[in-house]
Structures are given as C-alpha cells and as structure tokens.
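Visitor: I am new to this structure and should be grateful for a close look at one part of it. Would you kindly choose a single element and work outward from there to its surroundings?

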Amino acid sequence: MTTTKPTLFSEIEQEIKELNPLTISTERKVVLQPLTDFIQSKISKNKEVRINFICTHNSRRSHLSQIWAQTMANYFNIKNVFCYSGGTEATALFPMVAETLKNSGFQVNIISKNENPVYSIKYADNEHPIIGFSKKLDDEFNPKSEFAAVMTCSQADGGCPFIAGAEKRIPITFEDPKVFDNTPQQAEKYKERSIQIATELFYVFSQIKS
C-alpha cells in the first residue's frame with residue numbers, strides 16, 4: 001500500500017521551499033543532532049515520536065517550535081510524530097506569534113477568548129489542527145512519559161533540571177523575540193525567529209530515514 005504525502009497549504013509549502021539549511025552552522029548542527037537521533041531511533045523501532053518543546057512562559061519559542069516540527073513531520077511524510085509545548089509557568093500565547101504564523105500561511109483561529117486564549121492552528125486541509133494555548137509542561141494536555149523534552153530557552157533549561165517522564169532532555173535554545181516587543185522591528189524579528197526555527201526543524205526532519 002502506498003501512502004500519499006499530505007498536502008500542506010500552498011503558502012506554507014512555498015515558505016518551506018525557500019528555507020536555506022546551508023545557513024545552519026556546523027556548531028548548530030551538533031546542537032540539533034540529539035533531536036535527530038531521538039526521532040530516528042523511534043522511527044527505526046516503529047514507535048510513536050513524542051516531543052514536548054519547553055520554554056519559561058510557553059508563549060513564543062516553544063509554540064513556534066511545536067508548530068513547525070509538526071508541519072515538517074508532515075512535509076517529509078514521517079508518520080506518528082506528535083508535538084507538544086509547555087512552560088515552567090502558563091501565561092498566554094503571544095498574539096504576534098499567531099500573526100507571524102498567519103503570515104506564513106497557517107490558518108489561525110481563536111476558539112476560546114479569555115486571558116489565555118485557545119487557538120486552532122492548521123497547516124493542511126485534512127490534518128488535525130494544532131491546539132495552541134499556554135500551559136505548564138506537565139499539563140494534562142501533554143504526554144506523561146516516552147517523550148523528548150526540548151528546552152527552547154536557556155532560562156527554562158537552567159531552571160528545570162528535571163523533567164518528569166522525559167526519556168531524553170535536549171537543549172536547543174533560541175533567542176527570545178520578546179526583546180523587540182512594541183518596537184518598529186517587532187514583526188520582522190518574530191518572522192526572523194520563526195524562519196530560523198523552521199529552517200532548523202526542516203534540517204532535523206530531512207535527516208530522518210523512514
């Protein structure tokens with residue numbers, strides 16, 4: 001039986017085609033390698049791949065990482081990949097993150113309006129939407145065991161020496177675009193961080209042999 005590759009929204013496909021993995025330094029590839037190894041080991045054993053991307057507030061980098069990782073798994077037609085995100089505390093998904101994703105072609109809708117809004121984020125017509133909202137890393141929404149904890153910020157990495165249930169802990173930290181909030185560079189810097197995360201996760205998933 002042949003499996004057909006899922007069709008992403010055309011704008012997202014185009015953005016992915018314009019990514020340039022050659023911009024990733026050798027040093028950075030070393031940082032990314034443990035995540036590639038974790039995914040490959042699960043795929044090789046025909047097991048589900050669970051990745052929980054963690055930062056302090058679960059508001060920016062962890063969401064961008066979760067969404068791009070899930071999208072790249074589909075782009076490369078790698079099955080049974082389930083991506084999550086969480087924080088050492090819960091706040092709210094920052095609106096500029098939703099705006100940045102919309103500008104990349106994702107369908108983003110608010111399905112619950114409150115202090116911590118819940119978003120539906122779709123990358124393809126026939127795939128489940130990603131449910132985006134800020135939550136603690138051990139929230140009921142997230143896996144309890146057999147997952148990789150990817151630390152996307154140095155503060156969470158330093159402040160969280162132990163992640164209960166994590167099979168592997170992998171620090172892959174990104175600079176926080178928050179420093180540009182309410183400045184003329186805000187949109188540009190969020191886009192820049194989103195593209196960096198997308199490029200690095202493209203590289204990771206491109207290495208996987210299914």
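**Helix H4 and its surroundings**

Guide: The buried residues of helix H4 are covered by parts that include H3, E3, E4 and H6. The model described here is a predicted one.

The residues of H4 that are buried are Met96, Val97, Ala98, Thr100 and Leu101. Helix H4 spans residues 95-103, and the loop after it leads to strand E3, residues 107-112. Glycine 105 follows H4 and has a positive phi, near 110°. The C-alpha atom of glycine 105 lies 9.8 Å from that of alanine 124, although the two residues are 19 places apart along the chain.

Alanine 124 belongs to the loop between strand E4, residues 118-122, and E5. Its relative accessible area is 2%, so alanine 124 counts as buried. Apart from neighbours within four places in sequence, the contacts of alanine 124 are Thr7, Leu8 and Phe9.

The loop between H4 and E3 also holds phenylalanine 106. Phenylalanine 106 forms an aromatic pair with tryptophan 68, with 5.2 Å from centre to centre and an angle of 85° between the planes, an edge-to-face arrangement. Because tryptophan 68 sits in helix H3, the pair ties together parts that lie 38 residues apart in sequence. Tryptophan 68 and phenylalanine 106 are both buried. The structure holds 6 aromatic pairs. One aromatic cluster is formed by Tyr75, Phe76 and Phe202.

Tryptophan 68 also leads to the interior. The largest nonpolar core has 50 residues, and Ile39 and Trp68 are those that touch the most other members. Helix H6, residues 186-206, gives this core its largest share, 8 residues. A second core, separate from this one, has 6 residues, among them Leu137, Ala149, Met151 and Ile163. Nonpolar side chains in soluble globular proteins tend to be buried together. As for isoleucine 39, its contacts beyond four places in sequence are Val49, Ile51, Val204, Phe205 and Ile208.

Helix H6, one of the parts that cover H4, also borders an enclosed space. The model has 1 cavity of 30 Å³ or more, and the volume of the largest cavity is about 40 Å³. Its lining includes Leu32, Leu35, Phe53, Ser65 and Val150. Helix H2, residues 26-44, and H6 are the elements that give two or more residues to this lining, and H6 gives the most, with 3 residues. By type, the lining of the cavity divides into 8 nonpolar residues, 1 polar and 1 charged.

Helix H3, which also covers H4, takes part in the lining of an open space. The largest pocket has a volume of about 510 Å³. Of the 23 residues that line the pocket, Gln70, Val81, Phe82, Tyr123 and His128 are nearest its centre. Two or more lining residues come from each of helix H3 (61-75), strand E2 (81-87) and strand E5 (130-132). The most, 5 residues, come from E2. The lining of the pocket comprises 12 nonpolar, 8 polar and 3 charged residues.

Two asparagines lie in the loops on either side of H3. Asparagine 58 is in the loop between strand E1, residues 49-55, and H3, whereas asparagine 80 is in the loop between H3 and E2. Each has a positive phi without being a glycine: near 45° for asparagine 58 and about 60° for asparagine 80. With a relative accessibility of 0%, asparagine 58 is therefore buried. Asparagine 80, at 41%, is partly exposed.

Strands E3 and E4, also among the parts that cover H4, are joined by a loop that contains proline 117. The relative accessibility of proline 117 is 15%, and so this residue counts as buried. Residues up to four places away aside, proline 117 touches Ala92, Ile110, Ser112, Gly132 and Phe133. The C-alpha atoms of proline 117 and isoleucine 67 are 17 Å apart, with 50 residues separating the two along the chain.

How values were computed
Residues numbered from 1 in each chain as written. Predicted model: local features only at pLDDT ≥ 70, side-chain atom pairs only at ≥ 80, totals over all residues. Heavy atoms only, no water. 1 Å grid on protein atoms, 1.4 Å probe; cavity = no way out; pocket = protein on both sides within 12 Å on 5 of 7 lines; lining within 4 Å. Points joined across faces, edges and corners; volume = space filled by probe spheres on them. Helix = DSSP H or I, 4+ residues; strand = E, 2+ residues; numbered from the N terminus. Nonpolar A, V, L, I, M, F, W, Y, C, P; charged D, E, K, R; others polar. Buried < 20%, exposed > 50% of the residue type's maximum accessible area, 1.4 Å probe, protein only. Contact = heavy atoms within 4.5 Å. Core = buried A, V, L, I, M, F, W, Y, C linked by side-chain atoms within 4.5 Å. Phe/Tyr/Trp six-rings, centres within 6.5 Å; stacked < 30°, edge-to-face > 60°.
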